[in-house]
Every structure is written in structure tokens, then in C-alpha cells.
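Got the model open in your viewer? Let's take a walk through it, one selection at a time.

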Amino acid sequence: MASLTATRKAAMGQMDRRQQKIGYGFVLPAVIIMVALIIYPMIYGVYLSFFNTNLVTKWEYVGLKYYQQALTQPEFVTTVLLTFKFMLLVVAGHFLLGFVLASALNKDFKGRLAFRIIFMLPWLFPETVVALLFTWIMNPMYGVLNAILRHLGLISGNVSWLGTASLAFPSVVFACIWKGYPLVMTMILAGMQSISQDLYEASYIDGANWWQQFTHVTVPSLKPVLTTTLILDSVWWFKQYTLVYTMTAGGPGSATSLVSLNIFSTAFESLRFGKASAWAVIVFFICYLISKVYRVVFKDD
Amino acid sequence: MKKFLALVLGLMMTLSMLSVASAESSPVTISVWCAYAGEDPYGKYVYDYADKFMAANPGIKVEVTAVSSNDIYAKLAATATTPEDLPTLFYTSADQAPGLVDLGLIEDMSKHLSADDLAAFGNGVVDGCQVGGIMAYYPIDLQPLSVLYRIDRFQEAGLTVPKTWDEFLADSKALNKDSDNDGKVDQWGFSMVGSNNSSGQSRFMSYLWSNGLKVVYKDGDQWKTDIGTPEFLKAFTFWTNMNNVEHVVPDGITEITYPTAANYFAMGYTSMMISGGNAMGVTYAAAPDLKGKIGTFPMPGSEPGSMMNTEGYALSANATEEQKKAAVEFCKFYETNDANMGFWQESGKLPSTAKGMAAEYLQGQDYAGFLQTIANGCRPVNDFPGMSALKQLLGDAYSAVFAGEKTNEQAVTDLGTGMTELLDDYN
């Protein structure tokens, strides 16, 4: 009897091991792709950050020089702070607009589908198209924005929206909010549609007003959706490149000089790949921290 | 069933082997990344010449991809570690070539050209393509910087061609105009390219050179700079003051890229512009009635402000010998196939051959300044391999002052710090 049990156990173990092997086999292609496309480039990026290199003819080991420079010179810190400010404003704009529009589009009214499609349009346009569109709208000489404001008597002369340090940043933030709010709106709308009406009815019977329903029913029910959207949106806009580069190329001066633009310019225009890699490694940890902080703050109790 | 499958597999293998064999006998393909191809009104000639070349050489296939001249350097640099991705030919110019030669991406063009081929180029043109001891590219055209100006407006205001930058500023002020009498200037003296990109940075660099500043130079085996000297600060301040103090340039200066500045000049918003002949092409295409009203003169200043600014096609060091041969033939065909010189006439760029430079259409006063600039002697090519980074530092500095972010003194101090760090990387 005992030997029968032992034989059965051995057979089960053999089957488990075989199944494990099959499992590894299934996972292997994904692992290989991840290593080739994510892990290896990251490790190579870290390796590069220790060299003064153009990747071909010059390989001078500099140790932690570029990390030290990044953390001690104001250039990097200023750029990162500006990028944080940009990210916070854009993400806040997305959530504000997203909540308002999702709440409106969650109501039942005639033509709701048409409005849902119209409000999704900015998300469908490529970033370069949106950037060029806003560049033309805001052109100081022949832009339609100046023409309208002059017609309304709000300005007397041409305003250089993207050429003035104080105006370029808010102008770019506005364009980025316009481009990105549909994603947040759609996520919130999808989340709202999954909230049971019973909860609203129960809270109504308990005497809750609109605001109390929003804070005690809507927001808690949306928490998982909000957390995911917030992390995705924050990281996406923290490393934004295309829209800002096309509109201002980081200027005027350093008014819109986001960290991603600086890294690209340092690597591919100045051919200082080591310095750019050091900055990129630091930015990677910043993005990781953002996601960690959000997860801690929005931890589901 | 098994037999049938084996038969199908066998057939597929045979077909694939046949396709490989036919690929081997297919024409030589040369790929070209071209900054001319995307430009109006002359980009069409690139495709036209390529089609004619392929018709004349059925064994060669030319694939042209349009890439903007401001983007092509970064795109080429990105292929540094995978040179097999480089096109056979790619557009480059005197200010971009040093970095690309330093990366080892470029084949010495002179190895593929005969003495007769080289002798056909205009005086000094081959020297204008020498970078790091090699002929870095086949020169298609020259773009020495000069000043385009409106002859009619100069005559109307009783102005003479300026020889110094002070005179240039005085003329610019005289050309500022409130044409609709609403109390605001709507016509400016100078179409400055104030954007922080290669076009703006190159013009600023030329302006500095014309003031006798070296910016970066080799002293023994060390790269050095005169950025930070009182002369540099003075010249830097003069440039930024043209926008911030004198207001002789249009509104939104940091947004004014080369195409914008050229269009402002063509539309009559401005009366002078520092440019190569390409702005002439843009102007005549947009406003043909300006023919006869545009003149050019060499850049003001005590020293030559411009290199010859040769532009052309560089040969990939990674191409096969067959491709290199075909590519060089294409370059020669490009330069010589069109008796009407359509590409050069419509682009405004000067031809690189001695025969081309003697063309009748170049003998008017619209091209006189460019030819005079060449005759006066251009600057030798500066082959500092960090030129692209240096230009970026210069652009960051003037852009910060235009934006009101920094004073001239702060900008020049920060520029000096950046320059020290950059030279440190190359010394």
C-alpha cells in the first residue's frame, strides 16, 4: 500500500515537473522579448551612463561624473522641477475636464452618442498634428487667436504666445490638456457606468445631496480606475516629447525645456550619450517613484 | 497526406530559393536620405533626376526619402551603432559633417572621383568639403551666407549697403515702418531667424565669425574658445538687442524659423535677411513680382562671416562597393544632367561646378552678394567634432535672452560654463 502511494506520488511529481516545463516553455518567448526590448536596453543605458561616449569612436570611462553633475548643477534639477510642474498641471487639467465631461456624458440626453464621439476627437489626432494646429492658432503674425482677441478688443497688439517665456508654458500646457483629456474622460465614464444605481438610490434615501453622493459613492467606486489612470497619465505626460518639441522645441529659453527634450537633444544632437543616459536613468527612478507614491496614497482600504 | 505535405514544402523551398536567386540578379539599389526632396519648390527635381538616372541606368534603382535638414543629423547619429541601417547616400553640409565623420559614418568621396571630376568643381569647393582629412561629401550646391535686401526699399529710404553691423542696424531702423498708420510697426528691417534650431544657430555663429570671434579653435592639440571675452559679450549683446531693445525684427522672434523668416521677407514684412541663396528661391516662388527688386551683399563685419557652406551627398562607409559606385554615378548625373539647371534656379542655391557658377542667370544683382562673398574668401571648414553641441549651447543662450529669462551677462556666463564642460569632453 505504502509503495503504491509512493509510486503515485512519484508519478504526480513527474507530471508536475513536466507541466512546469511546459509552463516555462509558454513563458519563454515573452521573457526573451522582454529581455531583448526592455531589460537589455535598460542595463545598456546604465552602462553607458558611466562613459563619455559617442557610441562609436569615443569610450572614456567617467564613473559617476554625470550623475554627480546632474544632482549638483541647477540645469537638471530645474528641468526636472519644470517637468513635474508640467505633469501636475496637465494631469490636473485632464482629471478636471475628464470628470466634468464624463459626468455630463453619463446622463441620458438626446445626441449623447454624437457628443461622446466629438469629445473623443482630440485623442484621435496624432500629436504632431495637434502641435502644428496650436502653433498656427497661436502664431503672433497671422494666428487666429490673436485675430479673435484683437477683434474683441482684449489685446491691442500681437501677442507671441509661444515666444514669450511667461506665456509659452501655459500655452503648451493648454494644448496638452486638450490633447489628453479624452483618455481620462473615457476611463472615468466607463467606471461610472459600472457603478450600481442602487448605491445612489440608497444614499438618496439616506439624505445625501449631490456633492455627498459624488464624494461618498462616485469617487470611492472609481478608485481603482482613477489610480490606474492617474499612474498612466502622469508617467505618460512626465516623459512627453512630441507635442512640446513641435510647438516650442523647449523654448523660448528654457521655458518649456522638459527633461525628455533635454535628454534627446543631449544624446542625438550633441552626441553626448553618456550624459543623456545618466539623466534617463534618474528619470526612470523618478517615474518609478511616481507610481509607488500613487499606489501608497490611493491604497484601497 | 504526408506525401502531399512533403510535396508542398518542397515546392515552397524551391520557390524561396528561386526568389533568392532572382533577388541576386536584381538591380543595385541605392537609398538616399535627402533634405532637398521635401522642399518646395525644388524638391520635385530630386525625384525627376532620380527617375531620369534610373531610365539611363536600368541596372540601378534609386530610393529617395525626404528628411528635413534640421532633423537629418539626429537621424543619422541614431544609426551610429547600426551603420548597416545607413542609407547609401545622405544629405549633409559643412556644419553637420564633422560630427558624422567623427562617428565614422562617412566614406572619403575623393577615392571615387577622378582628377577631372574634382577639377570640374568651382574654386575652393572641394576644400569646402574637407573634414577630418577626407572629402566628406559630393558637393551639389553652395550656400555662402550673405544678406538679401529689398533694393526698392533701400532706394526709397535713401540707404546704402552696410559694411559694418552698426550700419546694418541703422539701416534696419530706417526700414522699420508703420505701413497702415495705426501707430504700430508692421514692416521690419531685419528678418532674423531667432528659433533655437540649426538654421538660427548657424546664422548666429556666422554673425559671431564676422565680428572676428573664433568661437572654437584648435590650439596645438587642445580645443579652445573665446566665448566669455568682453568682445564676445559685446557682439552677443548687439545681436539680442536687435530684438529686445531696437525692435528691428518681427514679433515672436523665438518662433521665427528659417521658412517663417523667408516667407516674411517674400511677403514684404521684412526688408533684409541673412541667408544662403535658398531664401531667394523661396522668395521668387512666393512673389515672382519681386524679381529685379532683390539684391544681395556680403555679410557686414570685419572678418568673413561665412564658410562656403557646401552641401551635398555623403557616401555611407558601410555601403557595398557596387552601391558606392552606383551612388557616385548618381551624384555626377545629378550635377550634370539638367542643362536648364532647374534644381539650382528654383532653389536659389549656387551650383558647385565652375561651369554652373558661370551661368547667365547668376550674373544679376540678386546673386552678386553670394558671388562676392566667395570672391572675398570664405572661412575654412571648422571641423570641431562637437559642433552640433556647441551650436545648441549658442542657441540656448540667445534664446534665453530673447525670452527675457536671462540677461546678456548671465547668458554668456552660463554659455561659458557649458562650453568649458563641452571642451572638456573633446580635449
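Start by selecting β9 and β12 of chain B: these two strands pair in the parallel sense, over two bridges. Keep in mind as you go that this is a predicted model. To see how the strands line up, pick B:Trp188, which stands opposite B:Thr270 in β12(B).

Now widen the selection to the whole sheet. Which order do its strands take? Read across, it goes β9-β12-β8-β13 in chain B, an open sheet of four strands with mixed pairing. The edges are β9(B) and β13(B) (residues 294-298), and each of them pairs on one side only. Look along the sheet and you'll see that neighbouring strands are turned by 20 degrees against each other on average, direction ignored.

Next, add helix α7 of chain B. α7(B) packs on the sheet and touches β9 and β12 of chain B, with its direction at about 160 degrees to that of β9(B). Colour B:Trp165, B:Phe168, B:Asp171, B:Ser172 and B:Leu175, which are buried residues of this helix, residues 165-175. They sit on the same side of α7(B), because they cover an arc of only 115 degrees around the axis. The spacing has a simple background: an α-helix has 3.6 residues a turn, so residues three or four places apart point the same way. What do the buried residues of α7(B) pack against? Show α6 (151-157), β9 (188-190), α9 (230-244) and β12 (270-275) of chain B, and you have the answer.

Move over to the other edge strand, β13(B). Is it enclosed or open? Five of its five residues are buried, so β13(B) is largely enclosed by the rest of the structure. Select B:Ile294, B:Thr296 and B:Pro298 for one side, then B:Gly295 and B:Phe297 for the other: both faces are covered. In a regular strand the side chains alternate between the two faces of the sheet. The partner strand is β8(B), which runs antiparallel to β13(B) and is joined to it by five bridges. For one such pair, click B:Leu148, whose bridge partner in β13(B) is B:Thr296. Then bring in helix α15 of chain B (residues 365-376), which lies across β8 (146-150) and β13 of chain B and runs at about 15 degrees to β13(B).

Time to see where the chains meet. Here 30 residues of chain B are in contact with 26 residues of chain A. On the chain B side, show α3 (72-78), α4 (97-102) and α16 (387-402), each of which supplies at least two residues. Which element gives the most? That's α16(B), with six residues. Colour this side of chain B by residue type and you get twelve nonpolar, eleven polar and seven charged residues.

Cross over to chain A, with its twelve helices and two strands. From the N terminus, the elements go α-β-β and then on through helices to the end. Chain A is more spread out than a compact globule, because its radius of gyration is 26 Å, well over the 19 Å that the globule rule gives for 301 residues. Along its principal axes, the C-alpha trace spans about 100 × 75 × 30 Å. Of the 301 residues of chain A, 33% count as buried.

For a last stop, zoom in on A:Leu81 in helix α3 (residues 74-105) of chain A. Buried or exposed? A:Leu81 is exposed, with 12 other C-beta atoms within 10 Å. Finish by drawing a distance from its C-alpha atom to that of A:Val259: the two are 178 residues apart along the chain, yet separated by 9.1 Å.

Notes: Residues are numbered from 1 along each chain as its sequence is written. Chains are lettered from A and ligands numbered from 1 in the order in which they are written. This is a predicted model: local features need pLDDT of at least 70, side-chain atom pairs count only at pLDDT 80 or more; totals for chains, interfaces and linings use all residues. A residue is buried if 20 or more other C-beta atoms lie within 10 Å of its own, exposed if 12 or fewer, and partly exposed in between; C-beta atoms are placed from the backbone. The arc is that of the directions from the helix axis to the C-beta atoms. Two residues are in contact if their C-beta atoms, placed from the backbone, lie within 7 Å. Two strands pair if DSSP finds at least two bridges between them. Axes are lines fitted to C-alpha atoms, for helices over the stretch in contact, and angles run from 0 to 180 degrees between N-to-C directions. Ala, Val, Leu, Ile, Met, Phe, Trp, Tyr, Cys and Pro count as nonpolar, Asp, Glu, Lys and Arg as charged, and the others, Gly among them, as polar. The radius of gyration is taken over C-alpha atoms; the globule rule is 2.2 Å times the number of residues to the power 0.38.
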